[in-house]
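Hi everyone, thanks for coming. Have the sequence and the 3D view ready, and let's walk through this one together.

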Amino acid sequence: MKSALRSMFPVLVRDGGEWVTVGSGFRHPNGGGWNVEFKGAIPASPVVLADNRGFAPGELLRLFVTRPGLRGGTDWFEVGTARVTGQGRRVLMSVDTVLPHGVNRLVILPKKKPEAQAG
């Protein structure tokens, strides 16, 4: 039986000289990314997730917001970028879009891999 507990990683922002926890990141169960939830609004300054899930230093990732779709399902909106820091221990997130009030969740996913061509 699988445990209902998920690994949680702190989400940090630099406030003066101190690191302040502003949320939590949870790994996707099937690999390849995180769900990130903030305690309040998403900070305007760069945010750090204290986990790298084995991605290589410098690897670029995608940053999304999800919303319920108008005709059912889920709509995904790419709102910024994320990359694994040079030391390879953290993920640095940067939101490049103005988000609506009340948005406090992001999804980080790796870049799409090119589809293998049938040959």
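The secondary structure here comes to 0 helices and 8 strands. Read from the N terminus, the elements run β-β-β-β-β-β-β-β. Please keep in mind that this is a predicted model.

A few overall numbers before we zoom in. The protein has 119 residues, and 34% of them count as buried. Its accessible surface is about 8,200 Å², with 53% of that belonging to carbon and sulfur atoms. Now take the contacts between residues with a separation of 6 or more: 53% of them are made by residues 24 or more positions apart.

Let's go inside. Which residues touch the most other members of the largest nonpolar core? They are M93 and I108, in a core of 22 residues. Several strands give two or more residues to this core: β1 (8-15), β3, β4 (47-49), β5 (60-68), β6 (74-84), β7 (91-95) and β8 (105-110).

Try clicking on I108. Setting aside neighbours within four places in sequence, I108 is in contact with H28, G32, G33, W34, V36, L49, L61, R62, L63, A82, V91 and M93. Two names from that list, H28 and W34, are our next stops.

First, H28. You'll find H28 in the loop between β2 (18-27) and β3 (34-38). Is H28 buried or exposed? Its relative accessibility is 15%, and the cut-off for buried is under 20%, so H28 counts as buried. The side chain of H28 reaches the backbone oxygen of W34 at 3.3 Å. Again leaving out neighbours within four places, the contacts of H28 are G33, W34, N35, R53, V107, I108 and L109.

That brings us to W34, which sits in strand β3. W34 has 0% relative accessibility, so this residue is buried. Where does its side chain make a polar contact? The side chain of W34 is joined to the side chain of D51 by a polar contact of 3.0 Å. You can also measure from W34 to F9 on your screens: the two are 25 residues apart in sequence, and their C-alpha atoms are 9.6 Å apart in space.

W34 also leads us to the aromatic rings. How many aromatic pairs does a search of the whole structure find? The search finds 2. One is W34 with F55, a tilted pair at 5.9 Å centre to centre, with 55° between the planes. W34 is in strand β3 and F55 is in the loop between β4 and β5, so this pair ties together parts that are 21 residues apart in sequence. F55 is buried as well, because its relative accessible area is 14%.

F64 and W76 also form an aromatic pair, and this one is edge-to-face: 5.6 Å centre to centre, 85° between the planes. F64 belongs to strand β5 and W76 to strand β6, so the pair connects parts that are 12 residues apart in sequence. The two partners have their own values here: F64 is buried at 8% relative accessibility, whereas W76 is partly exposed at 45%.

Last topic, charges. Side chains of opposite charge can pair when their charged atoms come close. In this model the count comes to 2 salt bridges.

One salt bridge is formed by R27 and D51, with the closest N and O atoms 2.8 Å apart. R27 lies in strand β2 and D51 in the loop between β4 and β5, so parts that are 24 residues apart in sequence are tied together. R27 is partly exposed at 32% relative accessibility, while D51 is buried at 7%. Remember D51 from a moment ago? Its side chain has the polar contact with W34 too.

R105 and E37 also meet in a salt bridge, at 3.6 Å from N to O. This pair links distant parts of the chain, with R105 in strand β8 and E37 in strand β3, 68 residues apart. R105 counts as exposed at 52% relative accessibility, and E37 is partly exposed at 33%.

If you take one picture home, let it be W34: buried in the model, paired with the ring of F55, in polar contact with D51, and reached at its backbone oxygen by the side chain of H28. Thanks for listening!

Notes
Residues numbered from 1 in each chain as written. Predicted model: local features only at pLDDT ≥ 70, side-chain atom pairs only at ≥ 80, totals over all residues. Heavy atoms only, no water. Helix = DSSP H or I, 4+ residues; strand = E, 2+ residues; numbered from the N terminus. Buried < 20%, exposed > 50% of the residue type's maximum accessible area, 1.4 Å probe, protein only. Polar contact = N/O pair within 3.5 Å; in protein donor to acceptor, adjacent residues only side chain to side chain. Contact = heavy atoms within 4.5 Å. Core = buried A, V, L, I, M, F, W, Y, C linked by side-chain atoms within 4.5 Å. Phe/Tyr/Trp six-rings, centres within 6.5 Å; stacked < 30°, edge-to-face > 60°. Salt bridge = Lys/Arg side-chain N within 4 Å of Asp/Glu carboxyl O. Areas by Shrake-Rupley, 256 points an atom, 1.4 Å probe, with all protein chains shown as cover.
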